Amino acid sequence: MEKGYIQSVASVSEFQSIVNIMNSAGIESDNIYINQSFEDFVKTLDKGDRVVVFSLDFFTSISELISVTISLVDKNIEFESLSEPWYSISSDNILLLSGINELGARLRAKRTLVGLAKAKAAGKKLGRPVLKSSKKS
């Protein structure tokens, strides 16, 4: 079954516009879930379902997006965003997505290490500051 998900909208006209776009993508109005947590929405899904969201911006991080996507694909559920057409995930391309996430983590760690080395070379003291004791001996 094809199901749509809308996190929240600013106005009634925006909502109707998104519903119309989802209808054009093959999602029936009765199968569009609105203003519920994505976790609760995922509980309504069955193996073989196709999930369509209007936008991915309800996710708080790329890691969260990838984690949710992997869990959906593990359940044989396809996941697609209408606002980000490049993000259409099925079991065929989940390995690529996992690799990109892992690469991103490695690049962030490398940038952190480079930044720490530059700060140390510039004479900055790294780590937590030492508290000065107010006791008098």
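**R50, the sheet and two cores**

I'll start with one residue: R50 has a relative accessibility of 17%, so R50 counts as buried. The cut-off for that class is under 20% relative accessible area. Keep in mind throughout that this is a predicted model.

What does a buried arginine pair with here? The side chains of E2 and R50 meet in a salt bridge, with 2.8 Å from N to O. E2 belongs to strand β1 and R50 to strand β3, so this pair ties together parts that lie 48 residues apart in sequence. R50 also forms a salt bridge with E80, and there the closest N and O atoms are 2.8 Å apart. That second pair again links distant parts of the chain, since R50 sits in strand β3 and E80 in strand β4, residues 78-81, 30 residues apart. Taken together, E2, R50 and E80 are linked in a network of salt bridges. As for the exposure of E2, its relative accessibility is 31%, so E2 counts as partly exposed.

How many salt bridges does the structure hold? There are four. One I have not mentioned yet joins D40 and K43, whose closest N and O atoms are 3.7 Å apart. D40 counts as partly exposed, because its relative accessibility is 37%. K43 is exposed, with a relative accessible area of 68%.

Now the sheet. Five strands form an open sheet, and their order is β2-β1-β3-β4-β5, with mixed pairing. The edges are taken by β2, residues 32-34, and β5, residues 88-89; each has a single partner strand, so one side of each is left without a neighbour in the sheet. Helix α1, residues 12-24, packs on this sheet and touches β1, β2 and β3, the last being residues 50-53. The direction of α1 makes about 160 degrees with that of β1.

As a reminder, strands of a sheet pair through backbone hydrogen bonds, either parallel or antiparallel. Strand β1, residues 2-6, runs parallel to β2, and three bridges join the two. At the residue level, I6 has I34 in β2 as its bridge partner.

Following the chain on from β2, we reach N35, which lies in the loop between β2 and α2. Is N35 buried or exposed? N35 is exposed, with a relative accessible area of 55%. Setting aside neighbours within four places in sequence, N35 is in contact with I6, Q7 and S8. For the first pair in that list, N35 and I6, the C-alpha to C-alpha separation is 6.5 Å in space, against 29 residues in sequence.

That leaves the nonpolar interior. The largest nonpolar core has 18 residues, and F38, V53, F59, L72 and F79 are those with the most contacts inside it. Helix α2 (38-42), strand β3 and helix α3 (62-74) each supply at least two residues of this core. Which element gives the largest share? That is α3, with four residues.

To look at F38 on its own: leaving aside neighbours within four places in sequence, F38 is in contact with Y5, V53, F58, F59, V68, L72 and F79. There is also a second, separate core of seven residues, and it includes I6, I18, I27 and I32. I6 in that second core is the residue we met earlier, bridged to I34 and in contact with N35.

Methods:
Residues are numbered from 1 along each chain as its sequence is written. This is a predicted model: local features need pLDDT of at least 70, side-chain atom pairs count only at pLDDT 80 or more; totals for chains, interfaces and linings use all residues. Side-chain values use heavy atoms; hydrogens and water are left out. Two strands pair if DSSP finds at least two bridges between them. Contact means heavy atoms within 4.5 Å. Axes are lines fitted to C-alpha atoms, for helices over the stretch in contact, and angles run from 0 to 180 degrees between N-to-C directions. A nonpolar core is a set of buried Ala, Val, Leu, Ile, Met, Phe, Trp, Tyr and Cys residues joined through side-chain atoms within 4.5 Å. Buried means under 20% relative accessible area, exposed over 50%, partly exposed in between (1.4 Å probe, protein chains only).
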